[in-house]
Every structure is written in structure tokens, then in C-alpha cells.
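This report describes the fold of one protein chain and the packing of a pair of its helices. Please consult the sequence and the model shown here while reading.

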Amino acid sequence: LMAQYPGDADFMNLMGLTELSLGNAKAAIPFFRDSYKKEPRTAVALNLSSALIEAGDAEKATQLLIRLNKAPDTKAYPHPERISHNMGLAAEKSQRFPDAERNYKAALLVNPDFYITLIRLGELYQRTKRPSLARGHFEHAQQVCAICFEPVNALSANLIASGRVKDAVKMLKTYLDNKEV
């Protein structure tokens with residue numbers, strides 16, 4: 001499709017998403033940039049910021065997200081929590097943990113059940129030695145997605161680190177007994 005429609009913004013965005021999902025963030029960036037230049041859409045800018053963060057350029061991602069936050073067409077974007085989430089992720093990658101926490105919390109104010117932010121904020125709390133806050137976010141993420149293993153894994157590790165091995169085992173058994181898993 002890229003050969004047949006080389007200037008199509010949607011196909012460029014799709015190629016960027018493909019590269020990003022394959023772990024090729026640096027290869028994804030030119031596709032997202034070209035797509036965004038052709039059709040400056042909020043979703044594509046967010047994809048570009050994700051690729052920049054993943055490629056290790058959190059500063060460029062932050063600058064893009066700040067501009068995006070000020071853009072008038074961003075107001076119509078249906079998932080504004082993604083902007084705050086990516087701002088948090090960029091701050092976290094830059095070791096600016098208070099900024100990361102503030103942005104993750106802003107994302108959760110917009111969408112309290114935003115799964116990826118619940119996980120990231122829980123991991124940030126775990127990393128900054130606040131296990132009870134982490135546990136609360138992992139529990140919330142588990143409620144949002146009862147079949148997802150990531151919050152169960154994080155929560156069981158948190159419980160074990162807190163000396164609550166029996167609680168961790170009980171939770172893992174409950175998870176494994178879920179017919180949907």
C-alpha cells in the first residue's frame with residue numbers, strides 16, 4: 001500500500017504504528033512526521049510523541065506535546081488523557097518523577113479508568129518506594145481489566161515485597177480461576 005499510495009497520511013501513520021509495535025521506534029519517527037506534516041492530526045502527533053519517547057528523545061516529545069496542548073483542534077480530540085499520559089511518560093523517562101506523577105494524575109482526572117496510566121502511575125509509586133499507593137493503582141487496573149496479567153503480576157510482586165505472600169498466592173489463584181483467562 002505504501003508503494004501504491006506513497007503520500008497517503010493514513011498509510012504513513014499505519015507504517016509508523018507497525019514499526020513502533022515491532023520495537024523500531026527510530027524507524028517509526030519518519031513515518032509519523034511525514035503523516036503529521038501531510039495531515040496534522042492530534043492522534044498522529046501523539047503517536048509521534050510515543051515514538052520519540054521510546055527512541056530516547058523525551059525532550060522533543062515534551063516540546064511536541066506542549067504545542068499540541070495549545071493547538072485549537074486538540075480540544076476536539078476524544079482522548080485528551082493520552083496527552084497528559086505521554087507528558088508523564090516523557091517526564092518519567094527523564095527522571096523527573098514529580099512531573100510524571102502530576103501528569104499521570106491529570107490523565108486520570110480526565111479518565112479515571114485509563115488502564116495504561118493506572119499501571120504507569122502504580123509502577124512510578126513502586127519505583128519511588130510508595131508501595132501502598134502503587135498497590136491501590138494496580139488494584140484499580142485489575143478492576144478495569146480483570147483478564148489482564150500485568151496488574152496481577154505487579155500486584156503480586158508488590159504484595160510479596162510487603163511480606164504478604166499468602167495474599168499474593170490467593171490473588172493469583174483467584175486470577176487463574178477466572179474462566180475468561
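## Packing of helix 8 and helix 9

A crossing is left-handed if the near helix is turned anticlockwise from the far one by less than a right angle. In this predicted model, helix 8 passes helix 9 in such a left-handed crossing. The contact involves Pro131, Ala134, Arg135, Phe138, Glu139, Ala141 and Gln142 on the side of helix 8, and Pro151, Val152, Ala154, Leu155, Asn158 and Leu159 on the side of helix 9. By class, the residues of this contact comprise 9 nonpolar, 2 polar and 2 charged.

Helix 8 covers residues 131-144 and helix 9 residues 149-161; their axes lie 9 Å apart and form an angle of about 150°. Angles over 145 degrees count as roughly antiparallel, and helix 8 and helix 9 are therefore roughly antiparallel to each other.

## Overall fold

The protein chain contains 10 helices and 0 strands, so that its pattern along the sequence reads α-α-α-α-α-α-α-α-α-α. Its C-alpha atoms occupy a box of roughly 55 × 35 × 30 Å along the principal axes.

Of the 181 residues, 40% count as buried. Where contacts join residues at least 6 apart in sequence, 44% of them link residues at least 24 apart.

## Confidence of the model

The mean pLDDT of the protein chain is 95, and 100% of the residues score at least 70. Among the elements, helix 6 (residues 97-110) has the highest mean pLDDT, 98, and helix 10 (residues 165-177) the lowest, 94.

Definitions and conventions: Residues numbered from 1 in each chain as written. Predicted model: local features only at pLDDT ≥ 70, side-chain atom pairs only at ≥ 80, totals over all residues. Heavy atoms only, no water. Axes fitted to C-alpha atoms, helices over the stretch in contact; angles between N-to-C directions. Helix = DSSP H or I, 4+ residues; strand = E, 2+ residues; numbered from the N terminus. Parallel < 35°, antiparallel > 145°, perpendicular 65-115°, else oblique. Contact = heavy atoms within 4.5 Å. Nonpolar A, V, L, I, M, F, W, Y, C, P; charged D, E, K, R; others polar. pLDDT = per-residue confidence, 0-100. Buried < 20%, exposed > 50% of the residue type's maximum accessible area, 1.4 Å probe, protein only.
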